[in-house]
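Dear colleague,

Please find the structure below, together with its sequence. A short account of the findings follows it.

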Amino acid sequence: MKGYMSNDNGEIIIENEVIAQYAGHAALGCFGIVGMATISMRDGIAKLLKGDSISKGVNVEIDEANNLSIDFHIIVAYGVSISTVCDNLINTVRYSVEEMTGLPVKAINIFVEGVRVID
């Protein structure tokens, strides 16, 4: 299902991929997040995503009531508080996505797939 809004001028439809890209970039701006991750089904190893493939670490679902649920697969920096990083990510992404789309964010689920040392 796609995100939609109606107004006096017509209807606006937002693709899930657009929301995923925007949410991914908002998440990367949060302190302590190294990047998005994808899990290789073959060997079960998390891989760091770069550039335009960032949305592969983000899954967006929209229910019948037009509420968003966003799943993040992230890699965090070594030595930071994971709970603090996740709280920051939730607040930042919820605000950014709701402001950009006008759609309410019902849930943000975070899966920490790995830890990396930052140089």
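The notes below cover the overall fold, the nonpolar core and a surface patch.

This is a predicted model, in which local features need pLDDT of at least 70 and side-chain atom pairs count only at pLDDT 80 or more, while totals for chains, interfaces and linings use all residues. Residues are numbered from 1 along each chain as its sequence is written, and side-chain values use heavy atoms, with hydrogens and water left out.

The protein has two helices and seven strands, taken as DSSP runs numbered from the N terminus (helices H or I, at least four residues; strands E, at least two). Their order from the N terminus is β-β-α-β-β-β-β-α-β. Of its 119 residues, 38% are buried, meaning under 20% relative accessible area, with exposed over 50% and partly exposed in between (1.4 Å probe, protein chains only).

The largest nonpolar core (buried Ala, Val, Leu, Ile, Met, Phe, Trp, Tyr and Cys residues joined through side-chain atoms within 4.5 Å) holds 25 residues, of which I70, F72, L89 and V93 touch the most other members. Elements giving two or more residues to this core include helix 1 (16-28), strand 6 (68-77) and helix 2 (82-101). Beyond its neighbours within four places in sequence, F72 is in contact (heavy atoms within 4.5 Å) with residues including A23, M36, L89, V93 and I110.

I82, in helix 2, is partly exposed, with a relative accessible area of 39%.

Yours sincerely
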